[in-house]
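Me: Hey, I've just opened this one and I'm new to it. Can you walk me through it?

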Amino acid sequence: MHDHRRLGRELNLFDTDPLLGAGLPYWLPDGAAVRHTLEEYIRTAEQRAGYQHVYSPVLAKQELYELSGHWAHYSDDMFPPMDLGGEQLILRPSLCPHHAVIYRSRPHSHRELPLRMAELGGMYRSERSGVLGGLTRVRAIHLNDAHIFCTLDQVAEEAQAALEMIRRAYEALGIVATRYRLSLPGPGGKYVTAPEKWQRSTTLLTDVLDRLGLPYESAEGEAAFYGPKIDVQVTDGAGRESTLSTVQVDFHQPEQFGLRYTGADGTGHRPVMIHRSIIGSVERAVAHLVEQHGGAFPAWLAPTQLVILPVSDTELPNAVSLARRCTRLGLRTRIAGPDRGTLGARIRQARLIPYQAVIGAREAAADQTALRLRDGRRLAPQPADDVLTRIAALIATHTTDLWTDAAA
Ligand SMILES: [Zn+2]
């Protein structure tokens, strides 16, 4: 595997600047295209799975995090408060308290549950400057987050559905899960004390893992401060393991925020809160994708999906016309003309781009395209529109396949 920091710079995906500060990377156009596509994939998957999206601010009063428990259990990782006319404001360390407040703002009936609230939002962590680097250790994080407010009876099914979403996303992204980890509290004072709730949450998560037949290992000292979690672990280029996706069961925050729903019996009940993330933070997810694929992203994610290679200047107008048709189909494309070197050199430069369309005199005259695939396959010249329609159809399915055998 590769180092995403080196490749990210080489491929013009992201960079940092001392004037912006350590751990605060910015995204260049090609990196932004990958990130935007990834975010859209997640939003669509969530929408189809019955999630509703919200937006909430990235800072809030200190009282919010005192209520949630973050201030007592997590303040070492938080930025110091900003005093504003006597009010203490904090860059948020997580989205959970905001979603609890949004849930609490409206009355809820048992008929609305499970209520699935999602947001891809910013959060901040005061990492020490010595450990910062690339996209994996950052101070500004954009988390693919969601909270499911549900009854106790619905927890297993919702947690299972979340793990299923994670499996599908990994398949589309070409990510391999190293292992599943059941993260439990360890010794020390960083966890809320409620032994009965911890036990109940742990049993629920264990049942889900067993039901899905997923092998897992238990890890003490890795739980969130409010409850146990299932972590999906991946391994980076240097062999280091980290958590990408997670599903957590929480009885603590619903209690702290006094969350309620009206049951079938007409009285108030306490919902359970499931925290879940499909790809974790977009920073960590893109870092992992860069390392996993060495920059050769699945076609649907690639910053440039199709490069057009006119053999000589004579075919340049045909290349421009083809590029226009690509854009109409939503394909990200660019032209690499003869000013960029010989055809062989241009093909080598474009080796990470999934599709390379070569246009010589013969193809130009017949409005055909001789397609080369990144994996070395070369297809016979075909009508240009057929080729583009086929590529667009493959990309729409979020597959890691460049071309299906039936089509080749
Ligand atoms: Zn949460």
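Reply: Sure. This is a predicted model, and a good place to start is strand β18 (residues 355-359), which is joined to strand β19 (residues 368-373) by four bridges.

Me: Do β18 and β19 run parallel or antiparallel?

Reply: Antiparallel. One pairing you can look for is Tyr-355, whose bridge partner in β19 is Leu-373.

Me: And what sheet are they part of, in which order do the strands come?

Reply: The sheet is an open one with five strands, ordered β17-β16-β18-β19-β20, and its pairing is mixed. β17 (333-335) and β20 (382-383) are at the edges; each has a single partner strand, so one side of each has no neighbour in the sheet.

Me: What holds strands together in general?

Reply: Strands of a sheet pair through backbone hydrogen bonds, in parallel or antiparallel fashion.

Me: Which helix lies across β16, β17 and β18?

Reply: That's α10 (residues 316-328). Its direction makes an angle of about 165 degrees with β16 (306-310).

Me: Switching topic: how is the chain split into domains?

Reply: The domain assignment gives domain 1 as 4-293 and domain 2 as 306-396. Their centres, taken over C-alpha atoms, are 41 Å apart.

Me: OK, helices now. How do α6 and α7 pack?

Reply: Helix α6 (residues 155-173) packs on helix α7 (residues 195-211) at about 55 degrees, and 9 Å separate the axes. That angle is why α6 counts as oblique to α7. The crossing is right-handed.

Me: Which residues meet there?

Reply: From α6 you have Val-155, Ala-156, Ala-159 and Gln-160, and they meet Leu-204, Leu-205, Asp-207, Val-208 and Arg-211 in α7. Sorted by class, the α6 and α7 contact has six nonpolar residues, one polar and two charged.

Me: What about α2 and α9, at what angle do they pack?

Reply: Helix α2 (residues 29-48) and helix α9 (residues 282-293) pack at about 115 degrees, with 11 Å between their axes. The two are therefore roughly perpendicular to each other.

Me: Is that crossing left-handed or right-handed?

Reply: α2 and α9 cross in a right-handed way.

Me: And who touches whom? Which residues of α2 and α9 meet?

Reply: In α2, look at Val-34, Arg-35, Leu-38 and Glu-39; these meet Val-282, Ala-285 and Val-286 in α9. By class, the contact of α2 with α9 has five nonpolar and two charged residues, with no polar ones.

How values were computed: Residues are numbered from 1 along each chain as its sequence is written. This is a predicted model: local features need pLDDT of at least 70, side-chain atom pairs count only at pLDDT 80 or more; totals for chains, interfaces and linings use all residues. Two strands pair if DSSP finds at least two bridges between them. Two residues are in contact if their C-beta atoms, placed from the backbone, lie within 7 Å. Axes are lines fitted to C-alpha atoms, for helices over the stretch in contact, and angles run from 0 to 180 degrees between N-to-C directions. Angles under 35 degrees count as roughly parallel, over 145 as roughly antiparallel, 65 to 115 as roughly perpendicular and the rest as oblique. A crossing is left-handed if the near helix is turned anticlockwise from the far one by less than a right angle, and right-handed if clockwise. Ala, Val, Leu, Ile, Met, Phe, Trp, Tyr, Cys and Pro count as nonpolar, Asp, Glu, Lys and Arg as charged, and the others, Gly among them, as polar. Domain bounds come from an automatic or database domain assignment.
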